[in-house]
Amino acid sequence: MERWMLAYGFKPVGPDGVMFRLDRGTEKLIVSLYVDDGVCTTNSEKLYDEFVKDLSSKYTLSAKGKLKWYLGVAINHDVKAGVSTMSQERYIETLLDRFDMTDCTGAPTPSDPNSRLLQSHSPAIPNAKDT
């Protein structure tokens with residue numbers, strides 16, 4: 001898959017071969033892959049549709065559309081508020097059930113639930129460009 005992405009014109013983001021970036025003028029497409037799952041973000045529906053068409057001619061794609069789940073994480077986007085949230089609540093409930101701990105007493109979250117992640121909090125990634 002990495003070979004196909006590079007031949008298509010993507011540039012790797014970081015050294016591990018799981019995130020790729022495609023720039024065509026002002027249009028941008030970022031793809032993250034993990035085994036047989038992938039997610040992309042773009043500022044161009046046209047570029048996205050072209051990419052999905054070309055990718056599906058080479059590989060079998062199952063689900064397309066707005067991202068709601070990825071690798072067991074629930075994703076919610078509130079476009080009006082400009083907020084995206086991620087939750088592993090269902091995964092945690094599954095683990096508690098599996099280990100017969102559904103009646104256990106919870107502990108407070110070890111981080112401030114009102115904290116905001118900023119780009120300045122993240123380490124620099126080689127070959128990354130500002131989006």
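These legends walk through several close-up views of a predicted model.

**View 1. The four-stranded sheet, seen strand by strand.**
Let us start with the sheet that runs in the order β1-β2-β3-β4. This sheet is open, and its 4 strands pair in the antiparallel sense. At the edges stand β1 (11-12) and β4 (37-42), each with a single partner strand, so one side of each has no neighbour in the sheet. For a closer look at one pairing, follow strand β3 (residues 27-34) alongside β4: the two are antiparallel and are joined over 6 bridges. A handy landmark here is Leu-29, which stands opposite Thr-42 in β4.

**View 2. A helix resting on the sheet.**
We stay with β3 and β4, which pair over 6 bridges, and now bring in a helix. Helix α2 (residues 45-58) packs on the sheet and touches β2 (19-24), β3 and β4. To picture how helix α2 is set, compare its direction with that of β3: the two make an angle of about 45°.

**View 3. A salt bridge between strand and helix.**
Side chains of opposite charge can pair when their charged atoms come close. The structure holds 3 salt bridges, and this view shows one of them, where the side chains of Arg-24 and Glu-50 meet at 2.5 Å, N to O. Arg-24 belongs to strand β2 and Glu-50 to helix α2, so this pair ties together parts that lie 26 residues apart in sequence. Are the two partners buried or partly exposed? Arg-24 is partly exposed, with a relative accessible area of 31%, and Glu-50 is partly exposed too, at 32%.

**View 4. Three charged residues in one network.**
Here Arg-21, Asp-23 and Lys-28 are joined into one network by salt bridges that share partners. Which residue do the bridges share? Asp-23 forms a salt bridge with Arg-21, with the closest N and O atoms 3.1 Å apart, and the side chain of Asp-23 also meets that of Lys-28 in a salt bridge of 3.5 Å, N to O. The surroundings of the three residues are worth a look as well. Arg-21 has 6% relative accessibility and therefore counts as buried. Asp-23, at 29%, counts as partly exposed, and so does Lys-28, at 25%.

**View 5. The largest nonpolar core.**
This view turns to a group of 13 residues that make up the largest nonpolar core. Which members touch the most others? They are Met-5, Phe-10, Leu-29, Val-31 and Phe-51. Several elements take part: α1 (2-8), β2, β3 and α2 each supply at least two residues of this core. Helix α2 gives the most, with 4 residues. Phe-51 makes a good guide to the surroundings. Leaving aside neighbours within four places in sequence, Phe-51 is in contact with Trp-4, Met-5, Tyr-8, Phe-10, Leu-29, Val-31 and Cys-40.

**View 6. Aromatic rings side by side.**
A pair of aromatic rings is described by the distance of the centres and the angle of the planes. The whole structure has 6 aromatic pairs, and two of them are shown here. In the pair of Trp-4 and Phe-51, the centres are 6.2 Å apart and the planes make 50°, an arrangement called tilted. This pair links distant parts of the chain, with Trp-4 in helix α1 and Phe-51 in helix α2, 47 residues apart. Both of these residues, Trp-4 and Phe-51, are buried. The second pair is Tyr-8 with Phe-10: the ring centres lie 5.9 Å apart and the planes stand at 25°, so the pair is stacked. Tyr-8 and Phe-10 are likewise buried. Stepping back, you can see that Trp-4, Tyr-8, Phe-10, Phe-51 and Tyr-59 form one aromatic cluster.

**View 7. The three-stranded sheet.**
The last view moves to another open sheet, made of 3 strands in the order β5-β6-β7 with antiparallel pairing. The edge strands are β5 (69-70) and β7 (83-87), each of which pairs on one side only. How many bridges join β5 to strand β6? There are 2 bridges between β5 and strand β6 (residues 73-78), and the pairing is antiparallel. As a landmark, look for Tyr-70, which stands opposite Val-73 in β6.

Notes
Residues are numbered from 1 along each chain as its sequence is written. This is a predicted model: local features need pLDDT of at least 70, side-chain atom pairs count only at pLDDT 80 or more; totals for chains, interfaces and linings use all residues. Side-chain values use heavy atoms; hydrogens and water are left out. Two strands pair if DSSP finds at least two bridges between them. Contact means heavy atoms within 4.5 Å. Axes are lines fitted to C-alpha atoms, for helices over the stretch in contact, and angles run from 0 to 180 degrees between N-to-C directions. A salt bridge is a side-chain nitrogen of Lys or Arg within 4 Å of a carboxyl oxygen of Asp or Glu. Buried means under 20% relative accessible area, exposed over 50%, partly exposed in between (1.4 Å probe, protein chains only). A nonpolar core is a set of buried Ala, Val, Leu, Ile, Met, Phe, Trp, Tyr and Cys residues joined through side-chain atoms within 4.5 Å. Rings of Phe, Tyr and Trp (its six-membered ring) pair if their centres lie within 6.5 Å; planes under 30 degrees apart count as stacked, over 60 as edge-to-face and the rest as tilted.
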